[in-house]
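Welcome, and please have your viewer ready. We will start with the whole chain and then select one stop after another.

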Amino acid sequence: VAWTAKRRPPRLVPPPRSSKPPDCRYGLLTVHGIAKPAYRAFQLLAGAGTTRLEAVRVVDPAPGYMNASTISALVTRGSAFGDGRELQLFLTNFGPERGATTAPWTPVARNVSVTLGPRAGARHAHDPWPRSGRDTWPELVLEQRIDDQATAPLAAWKSMGEPDYPTTEQLARLAAASEMPSRWVALTALSSCRAVLTVELPPQGVAHIRIPSPPLCACLLYT
């Protein structure tokens, strides 16, 4: 799926095929080739780094579901091709699977603060990256979002009056509504090797943050 999402972008299929639910409840694309939010999630993961940083902790002072946090974090290092030292953060706000029931439940919006820096005891001698590039944290980093407001082709379809047979123009608008918006978020340096950023995650939201060239010492983050 990752290969498909990265190398084969969605292709719009013209009318008159109907796209009205429940015809499109399953799969990553609608019958017209409109990308669903799940497709966008695989698209992000297709570009994840090849090294996963394992010792990532989520500190949540107010767990919102059965005394468990609804925030999950995945951090990778490097590009999808195994080169570079960029950091990528994947943050989600979903109810944990443990203890889940068939009863509908939606998490609340959360403000997530992420502190970046080397793990305790990390040494530069183990750093596999060349000693070149940026020596300071960037002030802004790029964030992409997946949530009910950001990637919302269903809401766009409803705003059109729920047409059974969308026109070519309407399909183009739905495809645009399915795209992940990007914005710059502030990154605050705490020291030469540590920084913090704050992200608001709506219910069932996903945030992807890319730090293309962090300081060399931060490349030992959580390894």
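Show the whole protein chain first: 38% of its 223 residues count as buried, where buried means under 20% relative accessible area, exposed over 50%, and partly exposed in between (1.4 Å probe, protein chains only). Bear in mind that this is a predicted model, in which local features need pLDDT of at least 70 and side-chain atom pairs count only at pLDDT 80 or more, while totals for chains, interfaces and linings use all residues. Residues are numbered from 1 along each chain as its sequence is written, and side-chain values use heavy atoms, with hydrogens and water left out.

Now switch to a cartoon. The protein chain has four helices and nine strands; these are DSSP runs numbered from the N terminus (helices H or I, at least four residues; strands E, at least two). Following the sequence, you will meet them in the pattern α-α-β-β-β-β-β-α-α-β-β-β-β. Among contacts (heavy atoms within 4.5 Å) between residues at least 6 apart in sequence, 75% join residues at least 24 apart.

Next, select strand 9, residues 206-211. Five of its six residues are buried, so strand 9 is largely enclosed by the rest of the structure. Which strands pair with it? Strand 3 (residues 87-93) runs antiparallel to strand 9 and is joined to it by six bridges; two strands pair if DSSP finds at least two bridges between them. Pick Q88 and you will find R210 of strand 9 opposite. Strand 5 (residues 140-146) is also antiparallel to strand 9, with five bridges between them. Here, select Q144 and its bridge partner in strand 9, H208.

Turn on the surface for the next stop. L140, L142 and W184 form a nonpolar patch there, with about 330 Å² of accessible area together. Patches are made of residues with over 30% relative accessible area and no salt bridge; nonpolar side chains (Val, Leu, Ile, Met, Phe, Trp, Tyr) are joined within 5 Å, like charges within 9 Å. A salt bridge is a side-chain nitrogen of Lys or Arg within 4 Å of a carboxyl oxygen of Asp or Glu, and accessible areas come from the Shrake-Rupley method with a 1.4 Å probe, only the protein chains shown counting as cover for residues. W184 sits in strand 6 (residues 182-186) and is exposed, at 59% relative accessible area.

Finish with two backbone stops. E162, in the loop between helix 3 (153-159) and helix 4 (168-177), has a positive phi of about 55° although it is not a glycine. Q204 is not a glycine either, yet its phi is positive at about 50°.
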